[in-house]
Amino acid sequence: MNKKLRIVFLGTPHFAVESLDILLKNNYNIVGVVTAPDSPSGRGLEVHQSPVKEYATANGLKVLQPVKLKDESFINELKSLKADLQIVVAFRMLPESVWNMPPSGTFNLHASLLPQYRGAAPINWAIINGEKETGVTTFFLQHEIDTGKILFQETVPINDDETAGELHDTLKVIGANLVLKTVEAIESKTYTPVSQDSLQGNEQILHKAPKIFKDDCRIDWNKSIHQLHDFVRGLSPHPGAWTEFKSPIGNDYQFKIFKTHKEIYSSNLPLKTILTDYKTHFKIVVDGGFLHITELQASGKKQLTIQDYLRGLRMEGSWKINE
């Protein structure tokens, strides 16, 4: 260990593991890791550890799992670690008693180009809104969430068919490198924090990135082909855009849609008409052309390509959108 800076790392999901890993591999002194308590999940409700806890335990790091971040016992234990710096990657909102504790401050890695897309789901909303680029930002925490002074940013293009899951995996790697760059700058005192207000133009509209719930994920087939395609990929694979179809025999089916393909075309058919040959394609007439569904999952079933799903069907006739 050749780094003097004492660091406490706070994070929970896979997105955060990459950052913790790069710090360890660069010999930084991680004196403690704060992550979510173990919780039951899955059909059997087995108790699972967070990805960050699994990684930290495997590497012999001290792990703290507070239920409440304001508990006196947790605050005292955190103080006892005598951290110079705290790093937050994909964790919950911190009280001031926590983020204001270390002398070098607490910085956060956020998966957007702040001040754009403040909130819990920046990756999803950037794609849903059809953005052509996004990025990652490190910034010091302050009272208002995601508003602190910016340390560093890295811009990343968004491809036309890229899903939220694919972008997530790209950003976690680029974000980890930005975390390392930020720590090195803080350690050497070679950084200049920049106010987010100074990056916001007078005419600029700030997009928000609030938490996404199931009702937010229902597909509105009245939207344009581009909006629909972006909506589906922006929610893929999680939490998943969904819709309901009525089968030729009158049964209602709920599906999650994971991938679509745009066929720009001028059609005289009524909007929301469903066309399928029951072998290779299942497409819907929308504003701007045909939106092909290419990967989906029926409720309670496994995810399939459209060809595999159609191969298993035993009915033919007209499908309809159930609104």
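Just after helix 6 comes Lys189, a residue whose phi is positive, near 55°. Helix 6 itself takes in residues 164-188 of this predicted model. How far apart should the ends of its 25 residues be? At 1.5 Å a residue the helix should span 36 Å, and its end C-alpha atoms lie 35 Å apart, which agrees. As you follow a helix like this by eye, it helps to keep one thing in mind. An α-helix has 3.6 residues a turn, so residues three or four places apart point the same way.

Now step back to take in the whole protein. You will find eight helices and 16 strands. Along its principal axes, the C-alpha trace spans about 70 × 50 × 30 Å. The protein has 323 residues, and 46% of them count as buried. Among contacts with a separation of 6 or more, 66% are between residues 24 or more positions apart.

Next, look for the open sheet of seven strands. Its order is 5-2-1-6-7-8-9, and the pairing is mixed. Strand 5 (63-64) and strand 9 (150-157) stand at the edges with a single partner strand each, so one side of each has no neighbour in the sheet. For strand 5, a pairing with strand 2 (residues 29-34) runs in the parallel sense over two bridges. Here Val34 stands opposite Leu64 of strand 5.

Helix 6 comes back into view at the largest pocket. Helix 4 (96-99), strand 7 (106-110), helix 5 (122-128) and helix 6 each give at least two residues to its lining. Strand 7 is also one of the strands of the open sheet. The space in this pocket comes to about 1,200 Å³. Which residues lie nearest its centre? They are Ala90, Gly119, Ala120, Ala121 and Pro122, out of 37 residues that line the pocket. By class, the lining has 22 nonpolar, 11 polar and four charged residues.

Further along the chain, strand 10 (residues 241-246) and strand 11 (residues 252-264) pair in the antiparallel sense over six bridges. The two strands form a hairpin with five residues between them. In that turn, Gly250 has a positive phi of about 95°. At Lys246, the bridge partner in strand 11 is Asp252. Strand 10 is also joined to strand 16 (residues 320-321), by two bridges, and these two strands run antiparallel. In this pairing, Phe245 stands opposite Ile321 in strand 16.

Phe245 leads us to the last stop, since this residue is among those that line the largest cavity. The structure holds one cavity of 30 Å³ or more, and the space in the largest cavity is about 40 Å³. How are such spaces found? Rolling a probe the size of a water molecule over the atoms shows where empty space is left. Along with Phe245, the lining is made up of Phe255, Phe282, Ile293, Leu296, Ile306, Tyr309, Leu310 and Trp319. Which element gives the largest share? Helix 8 does, with three residues. Strand 14 (289-298) and helix 8 (306-311) each supply at least two. What classes do the residues of this lining fall into? Nine are nonpolar, with no polar and no charged residues. The lining of the largest pocket, by contrast, includes 11 polar and four charged residues.

Notes: Residues numbered from 1 in each chain as written. Predicted model: local features only at pLDDT ≥ 70, side-chain atom pairs only at ≥ 80, totals over all residues. Heavy atoms only, no water. Helix = DSSP H or I, 4+ residues; strand = E, 2+ residues; numbered from the N terminus. Expected span 1.5 Å × (residues − 1). 1 Å grid on protein atoms, 1.4 Å probe; cavity = no way out; pocket = protein on both sides within 12 Å on 5 of 7 lines; lining within 4 Å. Points joined across faces, edges and corners; volume = space filled by probe spheres on them. Nonpolar A, V, L, I, M, F, W, Y, C, P; charged D, E, K, R; others polar. Pairing = 2+ DSSP bridges. Buried < 20%, exposed > 50% of the residue type's maximum accessible area, 1.4 Å probe, protein only. Contact = heavy atoms within 4.5 Å.
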